[in-house]
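Student: I would like to learn how to read a structure feature by feature, starting from single residues and ending with the whole fold. Could we go through one together?

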Amino acid sequence: MNAPAPRAGDGFAGKVAVLIAVLATIGTLFGYLGSGMQNEASLYKSNAAIDKTSSANAWSHYQAKSNKQNLAELALAIPGVDQARYRLDVARYRLEKDEIRKEAERWEASSREWNAKSDQALHRHRQWMLASVVQQIAISLAAVALLARRTWLLTATCAVATFGLTLGIFAALRAEPTPALYGPFLAAGGAALLLVLFRRFKPRPGS
């Protein structure tokens, strides 16, 4: 028959309780940071909409100046009109259109920048929330480990918690975890391995 899975000693419950408190604190922090990034994304998106509206208004102004320039050019073909006056009007409208066009393009560029910042903030929001969810999963595993009093469940809890913590570090550093997705998995595996080795080579009482 297979040997039964090892059960924890009397201090197990206290250790797991401390671990759950730490994980809950970390998960709450990750959730708070994720909510902050969501608020920033909303603010950036609002700024992008404002600048887009300003750009649309500028282009409307540009179109109005174009219409006036076209009318002035048509007036030049009418016999008996003040040619010098309409030539000056055409030149003036052309200069005004150029300034308005530059202004509209500046508003468009600003809107694109705000949209890019909003997308980045939303991406970081998703990173923080994913890290928070992983910590919640670790808390659930810790609760199961406490009820079952199985040390291997505690090892799994630490591995999952390390995975979530690594995701949080990626979010804090504004790093993209996708190209190095193995990082969190390696960290989780390393944490589990260290715990196993620590238990195996831990000096026994009275030895």
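Student: Does Tyr32 count as buried or exposed, and at what relative accessibility?

Tutor: Before answering, please keep in mind that this is a predicted model. The general idea is to compare the relative accessible area of a residue with two cut-offs, since buried means under 20% and exposed means over 50%. Tyr32 has a relative accessibility of 61%, and therefore counts as exposed. Tyr32 has its place in helix α1, and together with Leu29 and Leu33 this tyrosine forms a nonpolar patch on the surface, the three residues having about 310 Å² of accessible area together.

Student: Which residues does Gln69 contact, leaving aside its neighbours within four places in sequence?

Tutor: With that restriction, Gln69 is in contact with Val90, Tyr93, Arg94 and Lys97. Gln69 itself belongs to helix α1 and is buried, its relative accessible area being 7%. For one of these partners the separation can be stated in two ways: Gln69 and Lys97 are 28 residues apart in sequence, while their C-alpha atoms are 9.3 Å apart in space.

Student: How should I read a salt bridge, and how many does a search of the whole structure find?

Tutor: The general idea is that side chains of opposite charge can pair when their charged atoms come close. In this model, a search of the whole structure finds eight salt bridges. One of them joins the side chains of Lys65 and Glu96, with a nitrogen-to-oxygen distance of 2.8 Å. This pair links distant parts of the chain, 31 residues apart, because Lys65 lies in helix α1 (residues 12–76) and Glu96 in helix α2 (residues 83–148). As for accessibility, Lys65 is buried at 12%, whereas Glu96 is partly exposed at 24%.

Student: Which other salt bridge does Glu96 make, and what is its N to O distance?

Tutor: The side chain of Glu96 also meets that of Arg92 in a salt bridge, at 3.5 Å from N to O. Here both residues lie in helix α2, four residues apart, which is about one turn of the helix. Arg92 has a relative accessibility of 36% and so counts as partly exposed. Beyond the single pairs, one can look for a network of salt bridges, and here such a network links Lys65, Arg85, Asp89, Arg92 and Glu96.

Student: Where do Asp98 and Lys102 lie, and how many residues apart are they?

Tutor: Both lie in helix α2 and are four residues apart, about one turn of the helix. Their side chains meet in a salt bridge, with 3.5 Å between N and O. Asp98, at 26% relative accessibility, counts as partly exposed, and Lys102 is also partly exposed, with a relative accessible area of 36%.

Student: What does one look for where aromatic rings are concerned, and how many aromatic pairs does the search find?

Tutor: One reads the distance between ring centres together with the angle between the ring planes. A search of the whole structure finds three aromatic pairs. In the case of Trp59 and Tyr62, the ring centres are 5.4 Å apart and the planes stand at 80°, so the pair is edge-to-face. Trp59 and Tyr62 are three residues apart in helix α1, about one turn of the helix, and Trp59 counts as partly exposed, at 28% relative accessibility.

Student: Which charged residues lie over the rings of Tyr86 and Tyr93?

Tutor: Arg85 lies over the face of Tyr86, at 5.0 Å from the ring centre, and the charged end of Arg92 sits over the ring of Tyr93, 4.6 Å from its centre. Both arginines also belong to the salt-bridge network described above.

Student: What is notable about the phi angle of Arg149, and where does this residue lie?

Tutor: Phi of Arg149 is near 55°, a positive value in a residue other than glycine. Arg149 lies in the loop between α2 and α3 (151–172), and is partly exposed, with a relative accessible area of 27%.

Student: Finally, how many helices and strands does the protein contain?

Tutor: There are four helices and zero strands, and from the N terminus on the elements run α-α-α-α. Of the 207 residues, 31% count as buried. Among contacts with a separation of 6 or more, 81% are accounted for by residues 24 or more positions apart. The accessible surface comes to about 13100 Å², of which 64% belongs to carbon and sulfur atoms.

Key:
Residues are numbered from 1 along each chain as its sequence is written. This is a predicted model: local features need pLDDT of at least 70, side-chain atom pairs count only at pLDDT 80 or more; totals for chains, interfaces and linings use all residues. Side-chain values use heavy atoms; hydrogens and water are left out. A salt bridge is a side-chain nitrogen of Lys or Arg within 4 Å of a carboxyl oxygen of Asp or Glu. Helices (H or I, at least four residues) and strands (E, at least two) are DSSP runs, numbered from the N terminus. Buried means under 20% relative accessible area, exposed over 50%, partly exposed in between (1.4 Å probe, protein chains only). Rings of Phe, Tyr and Trp (its six-membered ring) pair if their centres lie within 6.5 Å; planes under 30 degrees apart count as stacked, over 60 as edge-to-face and the rest as tilted. A charge sits over a ring if NZ of Lys or CZ of Arg is within 6 Å of the ring centre and within 35 degrees of the ring normal. Patches are made of residues with over 30% relative accessible area and no salt bridge: like charges are joined within 9 Å, nonpolar side chains (Val, Leu, Ile, Met, Phe, Trp, Tyr) within 5 Å. Accessible areas come from the Shrake-Rupley method with a 1.4 Å probe; for residues, only the protein chains shown count as cover. Contact means heavy atoms within 4.5 Å.
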